[in-house]
Amino acid sequence: MRKMTAAVSGVVLVVGFGIAQGSGNRALGGMVLAVGAFYCVFQWWKLAGPVRAGLSLVIFAVAFVASHPLGKVIGSWPSVLLVAFVTAASAYLITKPRSGVIENS
């Protein structure tokens with residue numbers, strides 16, 4: 001579950017951006033981000049507890065915000081892919097299961 005949720009956190013950033021850009025509807029892309037973030041936080045909370053879930057959510061949000069100015073420097077897609085990778089990697093590292101929690105795959 002830890003690997004999958006970390007991957008989802010990164011993929012959601014890419015898919016949300018792709019939907020917003022492709023459809024021209026930023027709100028629709030934002031909805032994808034919100035639903036994905038909610039799913040991830042729910043899973044992280046169960047696995048690693050509220051502090052680590054909150055920290056992972058903050059990193060997710062900061063990555064989303066940082067992708068905008070970074071996109072002006074390196075381009076939109078490279079920026080989104082970079083922050084998605086950083087988000088997924090940090091989520092995986094931070095959400096180590098609490099003691100007593102058995103991780104499903």
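**View 1. The lining of the largest pocket in this predicted model.** The lining counts 16 residues. Phe17, Ala20, Arg26, Phe64 and His68 lie nearest the pocket centre. Four elements each give two or more residues to this lining: helix 1 (2-23), helix 2 (26-48), helix 3 (50-74) and helix 4 (76-94). Helix 1 supplies the largest share, with 5 residues. By residue class, the lining divides into 7 nonpolar, 8 polar and 1 charged. The space inside the largest pocket comes to about 360 Å³.

**View 2. The aromatic pair of phenylalanine 17 and tryptophan 77.** The model has 1 aromatic pair by the rule applied here. Its partners are phenylalanine 17 and tryptophan 77, and the geometry is edge-to-face. The ring centres are 4.8 Å apart, and the planes meet at 80°. An angle over 60 degrees counts as edge-to-face, so the 80° between these planes falls in that class. Phenylalanine 17 belongs to helix 1 and tryptophan 77 to helix 4, so the pair ties together parts 60 residues apart in sequence. How accessible is phenylalanine 17? Its relative accessible area is 21%, so it counts as partly exposed. Tryptophan 77, with a relative accessible area of 34%, is also partly exposed. Phe17 appears in View 1 too, among the residues nearest the centre of the largest pocket.

**View 3. Arginine 2 over the ring of tyrosine 92.** Here a charged end meets an aromatic ring. The charged end of arginine 2 sits over the ring of tyrosine 92. The distance to the ring centre is 3.9 Å.

**View 4. Threonine 87 and its contacts.** Threonine 87 is part of helix 4. Is this residue buried or exposed? Threonine 87 counts as buried because its relative accessibility is 1%, and the limit for buried is under 20%. With neighbours within four places in sequence set aside, threonine 87 is in contact with Ser9, Leu13, Ile59, Phe60 and Ala63.

**View 5. Glutamine 43 beside threonine 5.** Glutamine 43 lies in helix 2. A relative accessible area of 9% makes glutamine 43 buried. Which residues does glutamine 43 touch, not counting those up to four places away in sequence? They are Met1 and Thr5. Glutamine 43 and threonine 5 are 38 residues apart in sequence. In space, their C-alpha atoms are 7.1 Å apart.

**View 6. Valine 35 and valine 12.** Valine 35 sits in helix 2. At 54% relative accessibility, valine 35 counts as exposed; the threshold for that class is over 50%. Valine 12 is 23 residues away from valine 35 in sequence. The C-alpha to C-alpha distance between the two is 8.8 Å.

**View 7. Alanine 66 and serine 79.** Alanine 66 is found in helix 3. Its relative accessible area is 33%, so alanine 66 is partly exposed. Serine 79 is 13 residues from alanine 66 in sequence. From C-alpha to C-alpha, alanine 66 and serine 79 are 8.6 Å apart.

Definitions and conventions
Residues are numbered from 1 along each chain as its sequence is written. This is a predicted model: local features need pLDDT of at least 70, side-chain atom pairs count only at pLDDT 80 or more; totals for chains, interfaces and linings use all residues. Side-chain values use heavy atoms; hydrogens and water are left out. On a 1 Å grid over the protein atoms alone, a cavity is a set of points where a 1.4 Å probe fits but cannot get out, and a pocket is an open set with protein on both sides within 12 Å along at least five of seven lines; lining residues have an atom within 4 Å of a point. Grid points are joined across faces, edges and corners, and a volume is the space filled by probe spheres set on the points. Ala, Val, Leu, Ile, Met, Phe, Trp, Tyr, Cys and Pro count as nonpolar, Asp, Glu, Lys and Arg as charged, and the others, Gly among them, as polar. Buried means under 20% relative accessible area, exposed over 50%, partly exposed in between (1.4 Å probe, protein chains only). Contact means heavy atoms within 4.5 Å. Rings of Phe, Tyr and Trp (its six-membered ring) pair if their centres lie within 6.5 Å; planes under 30 degrees apart count as stacked, over 60 as edge-to-face and the rest as tilted. A charge sits over a ring if NZ of Lys or CZ of Arg is within 6 Å of the ring centre and within 35 degrees of the ring normal.
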